[in-house]
Amino acid sequence: KLYLSPKEYQMLQALCSGQTADEAAFNLRVSVRTIRKRNSILRLKLNAKTIPELLAKATALGIVKPDLDSILD
């Protein structure tokens, strides 16, 4: 079973809602370096080569939900 920390869930949701790494870092009150490090760890956990692939897999697995409202704006 895949274990993700609460911070990893928050970061994935922020990125899935369209936030950049800088915006996610600001909103989660962590450094951009922390966001990048967590991205690397999450890509390993989900066997994803890229951030879009990571977000697609996290969405497909039901880990995060895309922010569909932002698409319709």
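Colleague: What radius of gyration does the chain have, and what would a compact globule have?

Modeller: The chain has 12 Å, which agrees with the value near 11 Å for a compact globule with 73 residues. The radius is taken over C-alpha atoms, and the globule rule is 2.2 Å times the number of residues to the power 0.38. This is a predicted model, in which local features need pLDDT of at least 70, side-chain atom pairs count only at pLDDT 80 or more, and totals for chains, interfaces and linings use all residues. Residues are numbered from 1 along each chain as its sequence is written, and side-chain values use heavy atoms, with hydrogens and water left out.

Colleague: How many helices and strands?

Modeller: There are 5 helices and 0 strands, counted as DSSP runs (H or I, at least four residues, for helices; E, at least two, for strands) numbered from the N terminus.

Colleague: And where is confidence lowest and highest?

Modeller: Helix 5 (residues 68-72) is lowest, with a mean pLDDT of 62, and helix 3 (residues 32-45) is highest, at 95. pLDDT is the predictor's confidence in each residue, from 0 to 100. Where pLDDT is low, the predicted coordinates should not be read in detail.

Colleague: What about the mean for the chain?

Modeller: The mean is 89, and 92% of the residues reach 70 or more.

Colleague: Other topic: how much is buried?

Modeller: Of the 73 residues, 30% count as buried, meaning under 20% relative accessible area with a 1.4 Å probe, protein chains only.

Colleague: What does the C-alpha trace span?

Modeller: About 35 × 30 × 20 Å along its principal axes.

Terms used. Buried means under 20% relative accessible area, exposed over 50%, partly exposed in between (1.4 Å probe, protein chains only).
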